[in-house]
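Hi there,

Here is the model I promised to pass on. Please have a look at it before reading my notes.

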Amino acid sequence: MRMSQLLLPTERETPADAQALSHVLGVRAGLIRQLGAGLWTWLPAGWRVHQKIEAIIREEMNAIGGQELLMPLIQPRELWKKTGRDQIDELFSLSDRKGAEMVLAMTHEEAVTFHVSQIVRSYRDLPLILYQLQLKGRDEPRPRAGVLRTREFIMKDSYSFDRDDAGLEVSYAKHIEAYDRIFERSGLEWYRVESDVGVMGGSGAHEYMAPCPAGENDVALAPGYAANVEVASAEPSAAHLPPTQNEPSEAPTPGAKTIEQVSAALDLHPSALLKAFPVVTDSEKLVLAIVRGDHRVNEFKLRSVLGEGFRPASDEEISSQIGPPGFIGPVGIQVPVLLDSAVAGQPGGWVTGANKLDIHLLGVEPGRDFQFDLADIRSVEEGDLVDGTPIRLEAAIEVGNIFKLGTRYSEPLGASFLDEDGAEQSIVMGSYGIGPARIAAAAIEQNADESGIAWPKAIAPWEVELVVLGKAGSAEVEAGEKLYVELIEAGLDVLFDDRDAGPGEKFADAELLGCPLRITLGKRSLESGTLELQGRRGLTELASIPLDDGSAAAVREILSQLP
RNA sequence: CGGGGCGUGGCGCAGCCUGGUAGCGCACCUGCUUUGGGAGCAGGGGGUCGGAGGUUCGAAUCCUCUCGCCCCGACCA
């Protein structure tokens, strides 16, 4: 590609509304442009990156027997009513000229299951893996960070159809294999982590996370362990408890409502306190969840333990059924108590609210002083242990996910088959997503420096940028034209900066765009008979190569060494 | 949905408080010079100041409403 003919609007200045690095550099390097909130155009160079990622995905999906198809973005709302997903707030809704209600698909479970339900009749038709690269529409409450969270985006979504759970395990394992290879080949640093099954429902899920500062999720990492903090479990540090007592005793704590205030008033470590978190479930049951004072309630875990959604209890509900807000505790109340496992490890000496104004209880012992159900409902923290090793927390972008759906969709949509015995069975499904745009964003975030992007070779817009210095008609330009043709004929993926611009501008743009290998051809090259090569990562000077008939082969060789 | 911020030429900004008919840098066009790190000189084009209404002799500036965008939180198959 000749740069003189390329639509590549590079910007010297940072866009005023951009925060995340991938957003700033995506715009400055001329890869993407915004049309509206969460609505982005991929400009030619950016689209090449996207397409390279798509190509890797297609190869690996085909390698596990996936079959590519394409389903509509616009769908009848009726279909979504059958699975109940028409109630999701993020679902874009519209109607056609006849007033028929339509939606923009946020994923394609309904559509693909609808078709499979009509087409698949027999166990002989299974298993199946179907996939597509198609737009998704989501009315996001808050699009952000450029291409990281948008209202419309291309997703690779695949769906597996099996006759039983054992079959699903096989399809799931195949996707793990394909996904590991896709992210590895894309050149990302990535983790496969255990994840929450969320509102999709299902029996198991993993997420693929690419660590980077702009990430919206936190992952807990230890050697051999990786999990989204939403579900991560680890051994807590020990609480600093005062001595046990034969029975609880009251201590005055006037005005001390927060953990900080109470621990200061009683001169105790926050970990000695029991933090009471009253919630009301969707079915209007009041439950008192309790974690250690220095721990935080994990809402994902709590929802999963409760088996339904919940909201924090109101002050009125707390006052009438437990005690004065700020001074509540589990002792002597008629409300069910859900106690975090981290508390159960140590027997006594806990401090809780006394359910009396301005008073806390010392020496409280779970079991002796109050009844409870035990569950893991806290969020892990930096320094908690997994197999004796402290975990660390890291921000990450979710670049892919895999779900075991089971019959969540096949049952409401009637996707079934006849087994060998002629018995009708529901198809067991899995669903699997990848966001190519997020792979691109993560690659930028993970590999940028002060000068710009440093793409992994596999997904760079071009592998090589040929920078020719010299004015039009000069011997340098003539030699550059010849070299460009030779590189193209050698099958290399080359961007040729043939613009009539100064060297500083060309170098700066090359570093901003971030092709892995830069070839410089100027007056010096003609004098010395060599080409200068620079690797984009770290802007490393590579060995010069002779400028002759073997140049293209030499470039190819050097390129093969680059990441 | 709660909180905060911002809309002035393609991009980044000043002007607004204290009303007088729009300016700077970059980019762009023409010519000449220049060509190994975002060049120089000269000339030039482009904005009804997000939109609507109001106050006023006069509104980018003051008032009201509205739309859009960004950030934090909530939310996020």
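Below are my notes on the cores, one helix and one sheet.

This is a predicted model, so to speak of local features we need pLDDT of at least 70, side-chain atom pairs count only at pLDDT 80 or more, and totals for chains, interfaces and linings use all residues. Residues are numbered from 1 along each chain as its sequence is written, and side-chain values use heavy atoms, with hydrogens and water left out.

The largest nonpolar core (buried Ala, Val, Leu, Ile, Met, Phe, Trp, Tyr and Cys joined through side-chain atoms within 4.5 Å; buried is under 20% relative accessible area with a 1.4 Å probe, protein chains only) has 57 residues. Leu 31, Tyr 179, Phe 183, Val 399 and Trp 455 have the most contacts inside it. At least three of its residues come from each of domain 1 (1–70 + 105–230 + 392–443) and domain 3 (461–559), with bounds from an automatic or database assignment. Another core, of 23 residues, lies apart from it and includes Ala 490 and Ile 558.

Helix H12 (residues 503–513; a DSSP run of H or I, at least four residues) has several buried residues, among them Lys 506, Asp 509 and Glu 511. Just after H12, Gly 514 has a positive phi of about 80°.

Five strands (DSSP E runs of at least two residues) make an open, mixed sheet ordered S16-S14-S15-S17-S20. S16 (310–312) and S20 (373–375) are at the edges with a single partner strand each, so one side of each has no neighbour in the sheet. S17 (residues 337–340) pairs with S20 in the parallel sense over three bridges (pairing takes at least two DSSP bridges), and Asp 340 stands opposite Ala 375 in S20.

Best wishes

Terms used
Chains lettered and ligands numbered in written order. Buried < 20%, exposed > 50% of the residue type's maximum accessible area, 1.4 Å probe, protein only.
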